[in-house]
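Me: I would like to go through this model slowly, one question at a time, and see the reasoning behind each value. Please show the sequence and the structure before we begin.

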Amino acid sequence: KEKLINNAITALLSQEGDIAASNAELESQFQAVRRLVASKAGFLAFTQLPKFRERLGVKVVKALKRNNDGVTHASIDMLCALMCVSIQL
């Protein structure tokens, strides 16, 4: 299960929110990452996978530059999920 979650997170973060992705697609990616990091294995991936935090940061910054309410909300919601460690573990 942990390997599947790590692979899913890696796949989602490999798409860094480039211009080709639509707002709806980027919003969906953030929602998927949020659900994945809500699990114990997903949160551990946040602390253990190499370059996870850096890729996530780049993705969030690019998303916020789009000035789209849905994408902004999804990215901030995902960041909030990372701050709720006690609930996840």
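**Helices, loops and their contacts**

Me: Asp 77 lies in helix 5. What is the relative accessible area of Asp 77?

Reply: This is a predicted model, in which local features need pLDDT of at least 70 and side-chain atom pairs count only at pLDDT 80 or more, whereas totals for chains, interfaces and linings use all residues. Residues are numbered from 1 along each chain as its sequence is written, and side-chain values use heavy atoms, with hydrogens and water left out. Helices are DSSP runs of H or I with at least four residues, numbered from the N terminus. Asp 77 counts as partly exposed (buried means under 20% relative accessible area, exposed over 50%, and partly exposed in between, with a 1.4 Å probe and protein chains only), since its relative accessible area is 29%.

Me: How far apart are the C-alpha atoms of Asp 77 and Arg 34?

Reply: Along the chain, Asp 77 and Arg 34 are 43 residues apart. In space, the separation of their C-alpha atoms is 7.4 Å.

Me: What span should helix 5 have at 1.5 Å a residue?

Reply: Helix 5 covers residues 69-83, which is 15 residues, and the expected span of a helix is 1.5 Å times one less than its number of residues. The C-alpha atoms at its ends lie 21 Å apart, in agreement with the expected value, which is also 21 Å.

Me: Around the axis of helix 5, how wide an arc do the buried residues cover?

Reply: The buried residues of helix 5 are Val 71, Ala 74, Ser 75, Met 78, Ala 81 and Leu 82. They sit on the same side of helix 5, because the arc they cover around the axis (taken from the directions from the helix axis to the C-beta atoms) is only 115°.

Me: Which exposed residues does the opposite face of helix 5 carry, the one turned away from its buried side?

Reply: Leu 82 belongs to helix 5 and is buried, with a relative accessible area of 9%. On the face turned away from the buried side, by contrast, the exposed residues are Asp 69, His 73 and Met 83.

Me: Which residue caps the N-terminal end of helix 5?

Reply: At this end, a side-chain oxygen lies 3.0 Å from the backbone nitrogen of Gly 70. The residue that provides this oxygen, and so caps the helix, is Asn 68.

Me: How is helix 4 placed against helix 5, roughly parallel or antiparallel?

Reply: Two packed helices are described by the angle between their axes and the distance between the axes. Axes are lines fitted to C-alpha atoms, for helices over the stretch in contact, and angles run from 0 to 180 degrees between N-to-C directions; under 35 degrees counts as roughly parallel, over 145 as roughly antiparallel, 65 to 115 as roughly perpendicular and the rest as oblique. Helix 4 (residues 52-64) packs on helix 5 at an angle of about 150°, and their axes are 9 Å apart. The two helices are therefore roughly antiparallel.

Me: At what distance does the side chain of Arg 66 make a polar contact with the side chain of Asn 23?

Reply: Arg 66 is placed in the loop between helix 4 and helix 5, and its relative accessibility of 23% makes it partly exposed. Its C-alpha atom and that of Asn 23 are 8.3 Å apart, although 43 residues separate the two along the chain. A polar contact is a pair of N or O atoms within 3.5 Å; within protein, one must be able to donate a hydrogen and the other to accept it, and residues adjacent in sequence count only if both atoms are side-chain atoms. Here the two side chains make such a contact at 2.8 Å.

Me: What is the phi of Asn 67?

Reply: Most residues other than glycine have a negative phi. Asn 67, found in the loop between helix 4 and helix 5, is exposed, with a relative accessible area of 68%. Its phi is positive, near 55°.

Me: How wide is the arc of the buried residues in helix 2?

Reply: In helix 2, Leu 26, Gln 29, Phe 30, Val 33, Leu 36 and Val 37 are buried. They lie on the same side of helix 2, because they cover an arc of only 125°.
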